[in-house]
Amino acid sequence: MIDAISKLPRVRLGFYPTPLTNAEHLSESIGGPHIFIKREDLSGLAMGGNKARKLEFILGDAREHGATTLISTASAQSNFCLQTAAAGRRLGMKSSFALLKGVHNETQGNLLLQNVLGSDVEILEVGDMSLLQGSFISDKLQGIADKVRAKGEVPYIMKHNLPERPAFLGVVGWMTVAEELDRQFEQMGLKVDYVVLANGGGGTQAGLELGSRHLGTRWKVVGIPVLHRNDLSLKATADQVNATAEFLGLGIKVTPDELELHDEYLGKGYGIPTDAGVAAIRQVAQTEGIFLDPVYTAKGMSGLIGLSKQGRFTSSQTVVFVHTGGVPALFAYNAEVTQ
């Protein structure tokens, strides 16, 4: 591990390494490439997911600051907020969220589990994801923090565009996965060509990109945007790679055009299922007995399948798909998924 990473405060939240599953029946149904699935959905925190890796470093920082209440925002069915709440309970912390109403804000899926966890959740009557970057949400979170302080608690705001909570902490968590993957590939005798994943805010891909470049791996990272189109996704991912590399002193810098993303599988927008995504959910379930979620992994897998059919991934290549979790949200989307 990079020395600068080993010195960061960290809490252990997941069961690692997560399995690397040979998806041979899925591979056969597509006609290649040879697909393996990295099972981050089995990470063990709040029904699994990629956010646990990020939270190990973010909440390590929170604990160093003496936090007693975690405060964040996202869309209503947020995987990040659910795992934050569960991790907080494990560490003796409360959680308070101001969530955009999103596509599904009924008490089902992730919101049902938030209810079970006893999280303080306010659903805002706005749904535009761009508001997550503006003063409206920042002011809302600061207001929650003020109320928390008035009760004698110590708030910790988890929002990447606030300077006191550096964005690189979550990215660092996924740099460690690049090392983990390389070890698994060596142990299994695999020569992997590509690692494919859904790209939301860009932090997970940024961590894999930076980790793979630092290690000099033979495999390349391919992202399937589920939040923004390529222009914004490429910039957000590159910015996070560069900010984290600078913090760690790695001497690595990338430009957006050095990264590979394919936004043609995004559909109408974040949280809105696509026909190809729903088909991918059913295909993976019926070939491998593995469930995807409609917001992230379904679109990511539809990208892997679509690109394979176009010849971007050939039958002789080996591709690892990162299952980033989010399965609880599947229940909130029952009408869209049911045939």
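Pro225 sits in strand E8, which spans residues 220-225. This is a predicted model. Pro225 is buried, with a relative accessible area of 0%. The cut-off for buried is under 20%. In sequence, Pro225 and Gly202 are 23 residues apart. In space, their C-alpha atoms are 8.5 Å apart. Leaving aside neighbours within four places in sequence, Pro225 is in contact with Asn199, Asn230, Ser233, Leu261, His262, Asp263 and Leu266.

Gln184 is a second buried residue, with a relative accessible area of 8%. Its place is in helix H7, residues 168-188. Not counting residues up to four places away in sequence, Gln184 touches Pro17, Thr18, Pro19, Leu20 and Lys38.

**The open sheet**

Four strands form an open sheet. Their order is E5-E4-E3-E6, and the pairing is parallel. Strand E5 (120-124) and E6 stand at the edges. Each has a single partner strand, so one side of each is left without a neighbour in the sheet. On average, neighbouring strands of this sheet are turned by 20° against each other, direction ignored.

Strand E3 covers residues 69-75. Seven of its seven residues are buried, so E3 is largely enclosed by the rest of the structure. The table gives the pairings of E3.

| Strand pair | Sense | Bridges | One opposite pair |
|---|---|---|---|
| E3 and E4 (residues 94-100) | parallel | seven bridges | Ser75 and Leu100 |
| E3 and E6 (residues 155-158) | parallel | four bridges | Ile71 and Ile157 |

Leu70 also has a place in this pattern: it stands opposite Ser95 in E4. In a regular strand the side chains alternate between the two faces of the sheet.

**Helices around the sheet**

How does the chain cross from E3 to E4, and what is the handedness of this crossover? The chain passes through helix H4, residues 79-90. This β-α-β crossover is right-handed.

Helix H3 (residues 51-64) packs on the sheet and touches E3 and E6. The direction of H3 makes about 150° with that of E6. Helix H6 (residues 135-150) lies across E3, E4, E5 and E6. H6 runs at about 155° to E3.

**Pocket and cavities**

H6 returns in the second largest pocket. This pocket holds about 350 Å³ of space. Its lining has 15 residues. Nearest the centre of the pocket lie Ser96, Asp120, Ile144, Val148 and Lys151. Which elements each supply at least two residues of the lining? They are E4, E5 and H6. H6 gives the largest share, five residues.

The model also has four cavities of 30 Å³ or more. The largest cavity has a volume of about 80 Å³. Ser75 is one of its lining residues, and Ser75 is also the residue opposite Leu100 in E4. The lining further includes Ala76, Gln77 and Ser78. Gly102, Val103 and His104 line the largest cavity too. Also in the lining are Tyr270, Gly271, Val295 and Tyr333.

Notes
Residues are numbered from 1 along each chain as its sequence is written. This is a predicted model: local features need pLDDT of at least 70, side-chain atom pairs count only at pLDDT 80 or more; totals for chains, interfaces and linings use all residues. Side-chain values use heavy atoms; hydrogens and water are left out. Buried means under 20% relative accessible area, exposed over 50%, partly exposed in between (1.4 Å probe, protein chains only). Two strands pair if DSSP finds at least two bridges between them. A crossover is right-handed if, with the strands pointing away from the viewer, the path from the first strand over the helix to the second runs clockwise. Axes are lines fitted to C-alpha atoms, for helices over the stretch in contact, and angles run from 0 to 180 degrees between N-to-C directions. Contact means heavy atoms within 4.5 Å. On a 1 Å grid over the protein atoms alone, a cavity is a set of points where a 1.4 Å probe fits but cannot get out, and a pocket is an open set with protein on both sides within 12 Å along at least five of seven lines; lining residues have an atom within 4 Å of a point. Grid points are joined across faces, edges and corners, and a volume is the space filled by probe spheres set on the points.
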